[in-house]
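Subject: A structure for you to look at

Hello! Here is the structure I promised to pass on, and my notes on it follow just below. Please open it beside this email and read along.

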Amino acid sequence: SRMSEVDCAQMMVKAQYIDAWQERRADIARYWMERLNEAGIRTLIDRKNFDDHCYHKFVIALDNRNQLMERLRYRGIETKVHYTTPLHEMNCFANTTKPDILATASSFCRRVLSLPIYPELSDLEIEYIADQVIDCAFD
């Protein structure tokens with residue numbers, strides 16, 4: 001693809017900060033892993049994959065995902081659900097797989113929630129998000 005000169009200039013400037021941004025995301029992920037795991041909330045970034053992760057998403061898994069998402073939205077925290085439908089449940093793949101084999105994928109798509117993780121989050125915002133997730137997850 002082609003990139004304009006303005007886009008290229010922006011990317012050249014941003015490239016200088018990538019390492020610092022990744023360090024900040026790792027710090028956020030480390031803090032949330034500790035806080036949320038202590039509260040009994042499963043995080044998809046864990047000690048086994050922490051060093052190799054790029055931290056572009058911070059995903060948690062809960063049975064009451066939709067309820068938590070709504071409660072967090074009410075408290076000013078935007079969350080996302082990525083991959084709402086597993087591939088094997090899409091119409092175009094309906095005849096190619098056996099659903100019972102992929103039950104874990106189906107369950108996962110109904111339980112996972114991505115929290116906002118970007119380097120500009122302040123320490124207070126990071127703590128607030130963790131506090132609200134813990135508070136709202138078990139109401």
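How much area does the protein chain expose, and what share of it do carbon and sulfur atoms supply? The exposed area is about 9600 Å², and carbon and sulfur atoms supply 53% of it. Accessible areas come from the Shrake-Rupley method with a 1.4 Å probe, and for residues only the protein chains shown count as cover.

Before the rest, two notes on how to read this. This is a predicted model, where local features need pLDDT of at least 70 and side-chain atom pairs count only at pLDDT 80 or more, while totals for chains, interfaces and linings use all residues. Residues are numbered from 1 along each chain as its sequence is written, and side-chain values use heavy atoms, with hydrogens and water left out.

The overall fold

The protein chain has five helices and three strands. Helices (H or I, at least four residues) and strands (E, at least two) are DSSP runs, numbered from the N terminus. If you walk along the sequence, you meet them in the pattern α-α-β-β-α-α-β-α. The C-alpha trace spans about 50 × 40 × 30 Å along its principal axes.

Of the 139 residues, 30% count as buried. Buried means under 20% relative accessible area, exposed means over 50%, and partly exposed is in between (1.4 Å probe, protein chains only). Contact means heavy atoms within 4.5 Å. Among contacts with a separation of 6 or more, 70% are between residues 24 or more positions apart.

The largest pocket

The largest pocket has a volume of about 220 Å³. On a 1 Å grid over the protein atoms alone, a pocket is an open set of points with protein on both sides within 12 Å along at least five of seven lines, and lining residues have an atom within 4 Å of a point. Grid points are joined across faces, edges and corners, and a volume is the space filled by probe spheres set on the points; the probe is 1.4 Å.

There are 15 lining residues, and the closest to the pocket's centre are Leu44, Val59, His82, Tyr83 and Val112. Helix 4 (103-111) and strand 3 (112-115) are the elements that give two or more residues to this lining. By class, the lining has nine nonpolar, four polar and two charged residues. Here Ala, Val, Leu, Ile, Met, Phe, Trp, Tyr, Cys and Pro count as nonpolar, Asp, Glu, Lys and Arg as charged, and the others, Gly among them, as polar.

The loop between helix 3 and helix 4

Tyr83, from that pocket lining, is found in the loop between helix 3 (65-74) and helix 4. Tyr83 has a positive phi of about 60° although it is not a glycine. Tyr83 counts as exposed because its relative accessibility is 62%.

Glu78 lies in this loop too, and its 54% relative accessibility makes it exposed. The C-alpha atoms of Glu78 and Ala94 are 32 Å apart, with their positions 16 residues apart along the chain.

Thr85 is another residue of the loop; at 32% relative accessibility, Thr85 is partly exposed. Not counting residues up to four places away in sequence, Thr85 touches Met90 and Cys109.

The cysteines

How many disulfides does a search of the whole structure find? The search finds zero, a disulfide being a pair of cysteine sulfur atoms within 2.5 Å. Cys109 is in no disulfide, and its nearest cysteine sulfur, that of Cys92, is 14 Å away. Cys109 is buried, at 10% relative accessibility. Cys8, found in helix 1 (residues 5-15), is partly exposed, with a relative accessible area of 32%.

One residue in helix 5

Is Gln132 buried or exposed? Gln132 counts as buried because its relative accessibility is 12%. Gln132 is found in helix 5 (residues 123-137). Leaving aside neighbours within four places in sequence, Gln132 is in contact with Leu72, Arg75 and Ile77.

Happy exploring!
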